[in-house]
Amino acid sequence: MESAGSLGPEAAETPGTGPETGVIQPEEGDTLQETDTWMMEAGDGEAENEGERRAGTGSDEDSLLMKLEISVSEAEKRTGKNAVNMQETYTAYLIETRSLEPPAEGQSSPLDALWRRYSEFELLRGYLSVSYPFMVVPPLPEKRAEFVWHKLSADNMDPDFVERRRIGLENFLMRVASHPVLCHDELFHAFLTQESGWKEVVSEAGLQMKTDSRLKALNATFRVRNPDKRFTELKHYSDELQSVISHLLRVRARVADRLYGVYKVHGNYGRVFSEWSAIEKEMGDGLQSAGHHMDVYASSIDDILEEEEHYADQLKEYLFYAEALRAVCRKHELMQYDLEMSALDLASKKQQSEELATGTVRTFSLKGVTSKLFGQETPEQREAKLKLLEEQIEEGEEQLKVRNVESREFVKNAWLEIERFKEQKNRDLKEALISYAVMQISMCKKGIQVWTNAKECFSKM
């Protein structure tokens, strides 16, 4: 797993298409730290300050969790009408919040509670992804169970699955509330405290207007001429992270199936020993005790696999984080694509202006053929076209400058976020895997103890 987390911010080109297109870029071989310094020197001061504010240098003391207690305390199955007025069954989740600010004397902080559907959590995450494109937005728990062993239900209305999803949704809110930037978002606060009208507020924020089409995103992926090597490496890193965790979850599901079978075999031993004890006078008590130990051991598998599911859900969270990383890469590709298109359009207009001013056509064009067939333009027409082109060039240069600054801001903020994410990932997965190993050791010790107890029972016969 550590190999997947070893992606470094070393030498790579900052987004740009080179001097010939007018797109600014750092020197070849700059490290991430050197590139950040270059960005701060080259960028506009006001934009840099805004970027620092949005990227955040927030500490744990600034997080919402220091001011608000948040929990998803309950899940409830409901029936209602959907958007096309058809009957549907869904699950609603109770979000409870309580202020941690010191209450007035003689009073206690009130507990606020409201119900949200899973689709509303999806809407919140979509809003955060669009509003903070350089952020690795925490993922939601799976909508339907994946990587399950065959004894576990994959039904999304199964009580055990709903409970695990409730825990996952609470974890999502805690992740957002502890994030140095996302925790300050006003609509996130409204999601926690404003039951009615929240969706309308999101619509007013123009979420749909900001969302890029999939076709444009796909176009950007294949047509960017100079992709940033760091984001290319980040995409490979996310693919590797997803592949490693997927394989681990598949292996775990197969092991869970076999483990379940082994434990249930002990249940058969318990039944046989109990039945055997009924026909044996001298060995009856020993056989009965041995059967009891086997029964207890066999029944413990349900609790063990339930605990294992908790660790599997922690791994699944980072399986879904891989897609969040790729989303950041796609947004950078879109930004880089727009930047390159602006640079090419500006270069084309400058060439047209030069051709009009000199009266020479450097490249083949339909306009050049038309002018030869039907005569040259009058001086007045040429002057009007030159004036229009000059205005368009001036606008294009200003637009290119703005997009260069935006691109630098995106790269700087994204890499601050990536480093924060990697530290979190290493810490969380290390803790989860160590806890899983400790649980396995404890489980094996219990198995040894069961057979030791059974051996003593047999020895006393």
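These are short notes on the cores, one surface patch and a few single residues of a predicted model.

1. **The largest core.** Start inside the protein. The largest nonpolar core has 57 residues. Within this core, Leu173, Leu192 and Phe231 have the most contacts. Helix H11, residues 301–358, gives the largest share, with 10 residues. Domain 1 (4–220) and domain 2 (228–362 + 382–461) both contribute residues, so this core lies between the two domains.

2. **A second core.** There is also a separate core of 18 residues. Ala256, Leu259, Leu305 and Met439 are among its members.

3. **Leu173.** Which residues does Leu173 contact, leaving aside its neighbours within four places in sequence? They are Ile70, Val72, Ile95, Phe121, Leu124, Phe188, Phe191 and Leu192. Look for Leu192 here: like Leu173, this residue is listed with the most contacts inside the largest core.

4. **Ile70.** Now take one of those partners. Ile70 sits in strand E1, which covers residues 68–81. Is Ile70 buried or exposed? Its relative accessible area is 6%. Buried means under 20%, so Ile70 counts as buried. Residues up to four places away in sequence are not counted in what follows. On that basis, Ile70 touches Leu64, Leu65, Glu96, Thr97, Leu173, Met174, Ala177 and Leu192. Compare sequence and space as well. Ile70 and Asn171 are 101 residues apart along the chain, yet 9.8 Å separates their C-alpha atoms.

5. **Leu249.** Move to helix H9, where Leu249 is placed. Its relative accessibility is 1%. The cut-off for buried is under 20%, so Leu249 is buried. How far apart are Leu249 and Lys316 in sequence and in space? They are 67 residues apart in sequence, and 8.0 Å apart in space from C-alpha to C-alpha.

6. **A nonpolar patch outside.** Finish at the surface. Val265, Tyr269, Trp451, Phe458 and Met461 form a nonpolar patch there. Together they have about 430 Å² of accessible area. Which helices each supply at least two residues of the patch? They are H9 (229–277) and H13 (379–459). Helix H9 thus appears twice in these notes: it holds Leu249, and it supplies residues to the patch.

7. **Met461.** One patch member deserves its own point. Met461 lies in the segment after H13. Its relative accessible area is 35%. Partly exposed covers values between 20% and 50%, so Met461 is partly exposed. Set this beside Leu249, which is buried at 1%.

Definitions and conventions
Residues are numbered from 1 along each chain as its sequence is written. This is a predicted model: local features need pLDDT of at least 70, side-chain atom pairs count only at pLDDT 80 or more; totals for chains, interfaces and linings use all residues. Side-chain values use heavy atoms; hydrogens and water are left out. Patches are made of residues with over 30% relative accessible area and no salt bridge: like charges are joined within 9 Å, nonpolar side chains (Val, Leu, Ile, Met, Phe, Trp, Tyr) within 5 Å. Accessible areas come from the Shrake-Rupley method with a 1.4 Å probe; for residues, only the protein chains shown count as cover. A salt bridge is a side-chain nitrogen of Lys or Arg within 4 Å of a carboxyl oxygen of Asp or Glu. Helices (H or I, at least four residues) and strands (E, at least two) are DSSP runs, numbered from the N terminus. Buried means under 20% relative accessible area, exposed over 50%, partly exposed in between (1.4 Å probe, protein chains only). A nonpolar core is a set of buried Ala, Val, Leu, Ile, Met, Phe, Trp, Tyr and Cys residues joined through side-chain atoms within 4.5 Å. Domain bounds come from an automatic or database domain assignment. Contact means heavy atoms within 4.5 Å.
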